[in-house]
Amino acid sequence: MLPQEGLFHSPGAFSGVAVLRLNPQAHRQLREVVSALHAELGAAEGLYTVLGLQPALLPGAPAISTLLPREGPTARFPSTQSHVLVQVSAGERELLLWSLRRVLALSKAVLTLQEEVLGGLIREGRDAFGFRDGLSAPTREQVQRNAVVSSGPLAGASWLLYLRFQQDLERFGRLKPQAQERVVGRTRDGERVVDAPAEAHIHRARASGAGENQFLIRRGFPFRQGGEEGMAFVAASADPDYYQRSLDALLGVGGQTPDALLRYVTPVGGGLYLAPPRDWFHATPPSQEALS
Ligand code: HEM
């Protein structure tokens with residue numbers, strides 16, 4: 001089963017996430033509508049789309065209800081789990097806007113918009129604090145190996161984690177440049193800080209086993225919206241257990257050191273979604289919902 005093509009493309013200059021809630025009594029039309037979305041957006045040249053569903057909507061999927069909300073001694077990842085997540089990215093803003101308009105137009109009988117975040121690259125790829133992020137773009141092979149389920153009933157699918165973070169630019173800005181770099185564990189331009197403390201973000205991120213493009217493929221983007229700046233963090237993984245481990249490592253669960261970054265960024269929502277393989281869309285009538 002082939003994975004969705006959008007997974008192989010990191011977010012471009014303009015990126016967006018739409019989170020949609022299923023209308024009451026609309027369950028039977030869901031597959032038809034997301035298949036129409038997948039077909040239309042997938043055919044648009046220069047647009048990359050990843051479409052995920054709440055795992056419980058795909059009966060072939062294991063029930064994973066324990067990932068969010070998640071709490072550590074100093075921070076909490078809340079859940080704003082919904083039913084459908086669409087991530088779109090494009091080289092041009094016009095195409096991004098067109099795609100988000102089409103998402104709403106095609107799905108309005110069945111889905112209601114819960115959240116929409118628009119953003120995109122800052123310079124060559126920096127987060128809202130001005131640090132280089134996404135230093136090495138994943139290869140197709142890394143995405144296939146780390147983000148796509150290789151066998152079994154979910155073969156070709158990908159687990160998506162969406163987290164929206166607010167970043168406190170004022171608070172982070174009060175730190176001296178060197179102290180900022182010790183929070184991240186890298187210089188603003190991406191060099192490793194050799195003596196960074198154990199609480200530095202890259203050390204905490206690596207504590208779960210994840211490294212650059214290992215176990216999870218990061219596909220988030222910075223945004224500014226309604227006066228709020230932050231990161232729409234999206235990741236794709238072949239195994240949702242890595243998310244549990246990653247979030248626990250950042251939170252400092254079980255006596256670990258919490259991530260210093262969480263003093264300056266606040267998770268305000270998120271959810272776990274499953275991106276079915278390409279063939280799932282249109283494959284069978286809506287009544288046959290299993291992935292295989
Ligand atoms: C507002 C939230 C976040 C910000 C601003 C942020 C920022 C950064 C920055 C600047 C880097 C270094 C550059 C790079 O390696 O690409 C980095 C690396 C990384 N981050 Fe985050 N991050 C955030 C959330 C997360 C979350 C929630 C996870 C995991 C669930 C995560 C996992 C990683 C990983 C695995 C690395 C690579 C570490 C390495 O091997 O060097 N990040 N992040």
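# A ligand, its iron and two pockets

Hi everyone. Let's start with helix α6, which gives four residues to the shell around the ligand, the largest share of any. Please keep in mind that this is a predicted model.

So what surrounds the ligand? The shell has 24 residues, and the closest are Gly134, Arg186, His201, Arg206 and Arg218. By type, twelve of the shell residues are nonpolar, five are polar and seven are charged. Helix α6 has company here: β7 (158-167), β10 (228-237) and α7 (241-251), like α6 itself, each supply at least two residues of that shell.

Now look for the iron atom in the ligand. Which protein residue is a donor to the iron? The answer is His201, through its NE2 atom, at 2.0 Å, and His201 is the only protein donor. If you want to find His201 on your screen, go to helix α6, which covers residues 201-207.

Next, the oxygen atoms of the ligand. Let me take three residues in turn. Gly134 has a backbone N or O atom 2.7 Å from a ligand oxygen. Glu212 also uses its backbone, with an N or O atom 3.2 Å from an oxygen atom of the ligand. With Asp133, we turn to the side chain: an N or O atom there is 3.4 Å from a ligand oxygen.

Where does the ligand sit? You'll find it in the largest pocket. That pocket has a volume of about 1200 Å³. It is lined by 49 residues, and Asp133, Gly134, Arg218, Met231 and Phe233 are the closest to its centre. You have already met Asp133 through its side chain and Gly134 through its backbone. The elements that each give the lining at least two residues are β7, α6, β9 (221-225), β10 and α7. Sorted by type, the lining holds 25 nonpolar, 13 polar and eleven charged residues.

Let's move on to the second largest pocket, with a volume of about 250 Å³. Here 16 residues form the lining, and nearest the centre lie Gln54, Pro55, Ile64, Ser65 and Gln81. How many of the lining residues are charged? None are: eleven are nonpolar and five are polar.

Before I finish, here are two spots in the backbone for you to look up. One is the peptide bond from Leu68 to Pro69, which is cis, with omega near -5 degrees. Pro69 belongs to the loop between β2 (47-53) and β3 (70-71). The other is Asn213, a residue other than glycine with a positive phi, near 55 degrees. You can find Asn213 in the loop that runs between α6 and β8 (217-218).

To wrap up, I'd suggest beginning your own tour at His201, the iron's only protein donor, and then looking around the largest pocket, where the ligand sits. Thanks for listening!

Notes
Residues numbered from 1 in each chain as written. Predicted model: local features only at pLDDT ≥ 70, side-chain atom pairs only at ≥ 80, totals over all residues. Heavy atoms only, no water. Donors = N, O, S within 2.8 Å, 3.2 Å for Na, K, Ca; no water. Near = heavy atom within 4 Å. Polar contact = N/O pair within 3.5 Å; in protein donor to acceptor, adjacent residues only side chain to side chain. 1 Å grid on protein atoms, 1.4 Å probe; cavity = no way out; pocket = protein on both sides within 12 Å on 5 of 7 lines; lining within 4 Å. Sits in = over half its atoms within 2 Å of the grid points. Nonpolar A, V, L, I, M, F, W, Y, C, P; charged D, E, K, R; others polar. Points joined across faces, edges and corners; volume = space filled by probe spheres on them.
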